[in-house]
Amino acid sequence: MKDELMTVPEVLTELKVSRSTWFYWRQVGKAPRVIKLPNGELRIRRSVLHDWLGSLESDAA
């Protein structure tokens, strides 16, 4: 199965967060790993996004 490469706007839509929030997370090292293309655009593997979300799960307090 091929691992889909998502664009930043696709990830923002899926997570329901703003572009500024996404880039803040990147700045502070809290965002999932990305692939930087030669033209400067970013892509995120769907599997990496899924794993990253899983790493954020915790028991509700």
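Helices, taken as H or I, are DSSP runs of at least four residues, numbered from the N terminus. The exercises below use a predicted model.

**Exercise 1. What value of phi does Lys 16 take, and where does this residue lie relative to H1?**

Solution. Begin at the end of the helix. Lys 16 comes just after H1. Its phi is positive, at about 60 degrees.

**Exercise 2. Which residues of H1 are buried, and why do they lie on the same side of the helix?**

Solution.
Step 1. Buried means under 20% relative accessible area. In H1, Val 8, Val 11, Leu 12 and Leu 15 are buried.
Step 2. Around the axis these residues cover an arc of only 100 degrees, so they fall on the same side of H1.
Step 3. The cover over the buried residues of H1 includes E1, H2, E3 and H3.

**Exercise 3. Work out which residues of H3 are buried, which are exposed on the other side, and what covers the buried ones.**

Solution.
Step 1. Helix H3 spans residues 46–56, and its buried residues are Val 48, Leu 49 and Trp 52.
Step 2. These residues take up an arc of only 100 degrees around the axis, which places them on the same side of H3.
Step 3. His 50 and Asp 51 are exposed, on the other side of H3.
Step 4. Among the elements covering the buried residues of H3 are strand E1 (5–7), helix H1 (8–15), helix H2 (19–27) and strand E3 (42–45).

**Exercise 4. Describe how H1 packs against H3, from the geometry down to the residues.**

Solution.
Step 1. The angle between H1 and H3 is about 35 degrees, and their axes are 12 Å apart.
Step 2. The crossing of H1 past H3 is right-handed.
Step 3. From H1, Val 11, Glu 14 and Leu 15 take part; they meet Arg 46, Leu 49, Trp 52 and Leu 53 of H3.
Step 4. Sorted by type, the residues of this contact are 5 nonpolar, no polar and 2 charged.
Step 5. Compare with the burial lists: Val 11 and Leu 15 are among the buried residues of H1, and Leu 49 and Trp 52 are among those of H3.

**Exercise 5. Is Arg 43 buried or exposed, and which residues does Arg 43 touch?**

Solution.
Step 1. Arg 43 is located in strand E3.
Step 2. The cut-off for buried is under 20% relative accessible area. Arg 43 has 17% relative accessibility and therefore counts as buried.
Step 3. The side chains of Arg 43 and Glu 41 are joined by a polar contact of 2.9 Å.
Step 4. Leaving out residues up to four places away in sequence, Arg 43 touches Leu 5, Met 6, Thr 7, Val 34, Ile 35 and Leu 37.

Note on methods. Residues numbered from 1 in each chain as written. Predicted model: local features only at pLDDT ≥ 70, side-chain atom pairs only at ≥ 80, totals over all residues. Heavy atoms only, no water. Buried < 20%, exposed > 50% of the residue type's maximum accessible area, 1.4 Å probe, protein only. Helix = DSSP H or I, 4+ residues; strand = E, 2+ residues; numbered from the N terminus. Arc of directions from axis to C-beta. Contact = heavy atoms within 4.5 Å. Polar contact = N/O pair within 3.5 Å; in protein donor to acceptor, adjacent residues only side chain to side chain. Axes fitted to C-alpha atoms, helices over the stretch in contact; angles between N-to-C directions. Left-handed = near helix turned anticlockwise from the far one by under 90°. Nonpolar A, V, L, I, M, F, W, Y, C, P; charged D, E, K, R; others polar.
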